[in-house]
Amino acid sequence: MVSTLSQSSASQPKIVITGASGFLGAHLCRSFASEFDVVAVSHLATLPESLAPYRVRMDLQDQAMVEAMLNNMAPVGVIHAAALSDPNTCQTRPEMSMSLNVEVTRNLAASCAHRGIRFLFTSTDLVFDGSGGNYSEADPVNPINTYGEHKALAEDLIREVHPESTIARLPWMFGAGLLKPSAFQGWVDQLNRGGSLTAFDDEYRSAVSYRVAAEGIAHLFHHVQGETLHLGGIETTTRYHLLNQLATFLKQPSELVQAQSQSEVIMPAKRPKDTSLDSRKARTLGYKTPFLTDMIQQTVSALSDIRQG
Ligand SMILES: NC(=O)c1ccc[n+]([C@@H]2O[C@H](COP(=O)([O-])OP(=O)(O)OC[C@H]3O[C@@H](n4cnc5c(N)ncnc54)[C@H](OP(=O)(O)O)[C@@H]3O)[C@@H](O)[C@H]2O)c1
């Protein structure tokens, strides 16, 4: 475990955010910073000082290190966003997915229960089979790939070992990578130089930006315990539709974006057709989801801020 610390001026309660070097995790560090001293946990990445007052590099599979970190930091809760998040890798490396997505999650939830502190798990819409769409929290899960299976199993184990935990099921997310380049950045560059892009037009998701999801999690953390919540956007979209909207926003011809069917691409992990989420429960609790065009605009402007340093 490599731990770095730069003391913040005023002392606030500490919160641990795992996966802090990931796309969502870096946004979570920002969203929680106003009310907590964030303990940002990464694995291979070195985190910049600007991300959080406390930064820890460790392998979450090392449970003794996890216990030491929790004893040392004494946080009021853990937001668990570390994962093997690529469904194709989970399909080809199921033992790695079992270890990180299931065992690490279960152990972390149990450690939080033991200390009487809060635990929030970032799960996925891919726990559903995609045959129906508009899934609510009451709908039964039925994953069709290893990633979805392992996330669903982790949810069950969390409910067993720490029933007061919050399970946030996230949709497909896009956005600015605060610490590493995101796919969205690549799309903007490609469209701006007049290059073409191909995207599925038959895979339906309630997409939100990383920033919107992170702000939603930070808000809901105060309002919910022991619940499963869907954090989808208000519109159901496809990647093709999103890229079309992006091309329009960038004033590029929409013909640059070409539609493709799921059936044309062979991938290790099967992809459900429609895992759109009914997220009324979270919205009732104050989860704010802008329209897709607004999230695209916000993301493009965040990217130019990042590029200008
Ligand atoms: N991206 C999406 O569209 C999406 C959709 C639904 C749900 N989710 C869920 O949202 C969460 C965040 O996803 P993301 O896309 O932001 O993830 P990501 O960018 O792939 O980041 C994964 C994070 O996990 C960390 N990690 C991996 N192995 C670790 C280990 N052994 N010990 C400690 N940390 C480890 C990585 O650390 P290093 O980089 O430092 O090695 C990284 O910070 C995940 O739970 C994911 O399943 C994502």
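Trainee: Which residues in H6 meet Ile296, Thr299, Val300, Leu303 and Arg307 in H10?

Mentor: Happy to start there, bearing in mind that this is a predicted model. By class, the contact of H6 with H10 has 5 nonpolar, 2 polar and 2 charged residues. On the H6 side, the residues that meet H10 are Phe184, Gln185, Val188 and Asp189.

Trainee: Is H6 roughly parallel or roughly perpendicular to H10?

Mentor: Let's look at the axes of the two helices. Helix H6, residues 183-192, packs against H10 with the axes 11 Å apart and at an angle of about 90°. Angles of 65 to 115 degrees count as roughly perpendicular. Therefore H6 is, relative to H10, roughly perpendicular.

Trainee: Which helix gives the most to the lining of the second largest pocket?

Mentor: Good one for a chemist! This pocket holds about 220 Å³ of space, and His27, Arg30, Leu178, Arg211 and Ala302 are the lining residues nearest its centre. Helices H1 (23-32), H7 (210-223) and H10 (292-307) each supply at least two residues of the lining. The top contribution, 5 residues, comes from H10.

Trainee: How many residues of the lining of the second largest pocket are charged?

Mentor: The lining consists of 15 residues. Of these, 5 are nonpolar and 6 are polar, and the charged ones number 4.

Trainee: What is the radius of gyration of the chain, and why is the chain as compact as a globular protein of that length?

Mentor: The chain has 10 helices and 12 strands. For 309 residues the globule rule gives 19 Å, and the chain comes close to that, so it is as compact as a globular protein of that length, with a radius of gyration of 19 Å.

Conventions
Residues numbered from 1 in each chain as written. Predicted model: local features only at pLDDT ≥ 70, side-chain atom pairs only at ≥ 80, totals over all residues. Heavy atoms only, no water. 1 Å grid on protein atoms, 1.4 Å probe; cavity = no way out; pocket = protein on both sides within 12 Å on 5 of 7 lines; lining within 4 Å. Points joined across faces, edges and corners; volume = space filled by probe spheres on them. Helix = DSSP H or I, 4+ residues; strand = E, 2+ residues; numbered from the N terminus. Nonpolar A, V, L, I, M, F, W, Y, C, P; charged D, E, K, R; others polar. Axes fitted to C-alpha atoms, helices over the stretch in contact; angles between N-to-C directions. Parallel < 35°, antiparallel > 145°, perpendicular 65-115°, else oblique. Contact = heavy atoms within 4.5 Å. Rg over C-alpha atoms; globule rule 2.2 N^0.38 Å.
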